[in-house]
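Colleague: Please show me how to read this model, one feature at a time.

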Amino acid sequence: MAGWVFIMTNAPHGTLYIGVTSDLGARVFAHREGRGSAFCRKHGLTRLVHAEHHDTILDAIAREKAMKKWKRQWKLKLIRAHNPDWLDLFETING
């Protein structure tokens, strides 16, 4: 089973949440509806700003764990490299 690592935020350079899932569309939708996690609900994290596909869920989990240990500046640099305008990518991945 493939997996995804993703980053949600509430605004450009705002609070960041890193998650992992096998169904990116459903998971991001749950976060946007306030059902994804207490952290996202508390901070109003509804904007998908980064997503990485991995061939296996185990690879995605390993990447998520590594990214969660990163310094904030490294996470911001990753987002800016792939999404410099901090666009909400939910519509892109959800069709």
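Modeller: Let's start from one residue: Arg41 has its place in helix α2. Helices here are DSSP runs of H or I with at least four residues, strands are runs of E with at least two, and both are numbered from the N terminus. This is a predicted model, in which local features need pLDDT of at least 70 and side-chain atom pairs count only at pLDDT 80 or more, while totals for chains, interfaces and linings use all residues. Residues are numbered from 1 along each chain as its sequence is written, and side-chain values use heavy atoms, with hydrogens and water left out.

Colleague: Leaving aside its neighbours within four places in sequence, which residues is Arg41 in contact with?

Modeller: A contact means heavy atoms within 4.5 Å. With those neighbours within four places set aside, Arg41 is in contact with Gly34 and Arg35. Gly34 follows α1 and has a positive phi, near 85°. Arg41 also lies 7.2 Å from His31, C-alpha to C-alpha, at ten residues apart in sequence.

Colleague: What is the order of the elements from the N terminus on?

Modeller: The protein has five helices and three strands, which run β-β-α-α-β-α-α-α. Its radius of gyration is 12 Å, close to the 12 Å of the globule rule for 95 residues, so the protein is as compact as a globular protein of that length. That radius is taken over C-alpha atoms, and the rule is 2.2 Å times the number of residues to the power 0.38. Along the principal axes, the C-alpha trace spans about 30 × 30 × 25 Å. Among contacts with a separation of 6 or more, 63% join residues 24 or more positions apart.

Colleague: How do I read the sheet, and in which order do its strands come?

Modeller: Strands of a sheet pair through backbone hydrogen bonds, either parallel or antiparallel. Two strands count as paired if DSSP finds at least two bridges between them. Here three strands form an open sheet in the order β2-β1-β3, with antiparallel pairing. Because β2 and β3 stand at the edges with a single partner strand each, one side of each has no neighbour in the sheet. Neighbouring strands are turned by 20° against each other on average, direction ignored.

Colleague: How many bridges join β1 to β3?

Modeller: Seven bridges join β1 (residues 3–9) to β3 (residues 47–54), and six join β1 to β2 (residues 16–21). Phe6 makes a handy marker: it stands opposite Ala51 in β3 and opposite Gly19 in β2. β1 and β2 also form a hairpin with six residues between them, where His13 in the turn has a positive phi of about 60°.

Colleague: How many residues of β1 are buried?

Modeller: Buried means under 20% relative accessible area, exposed over 50%, and partly exposed in between (1.4 Å probe, protein chains only). Six of the seven residues of β1 are buried. In β2 five of six are buried, so β2 is largely enclosed by the rest of the structure. Over the whole protein, buried residues make up 38% of the 95.

Colleague: Now the helices: which residues of α3 are buried?

Modeller: An α-helix has 3.6 residues a turn, so residues three or four places apart point the same way. In α3 the buried residues are Ala60, Glu64 and Met67. They cover an arc of only 70° around the axis, which puts them on the same side of α3; the arc is that of the directions from the helix axis to the C-beta atoms. On the other side of α3, Leu58 and Lys65 are exposed.

Colleague: What do the buried residues of α3 pack against?

Modeller: They pack against β1, β2, β3 and α4 (72–82). α3 lies across the three strands β1, β2 and β3, running at about 165° to β2. Axes are lines fitted to C-alpha atoms, for helices over the stretch in contact, and angles between N-to-C directions run from 0 to 180 degrees. Helix α1 (residues 24–32) lies across β1, β2 and β3 too, at about 25° to β1. Its buried residues, including Leu24 and Val28, pack against β1, β2, α2 (38–43), β3 and α5 (90–94).
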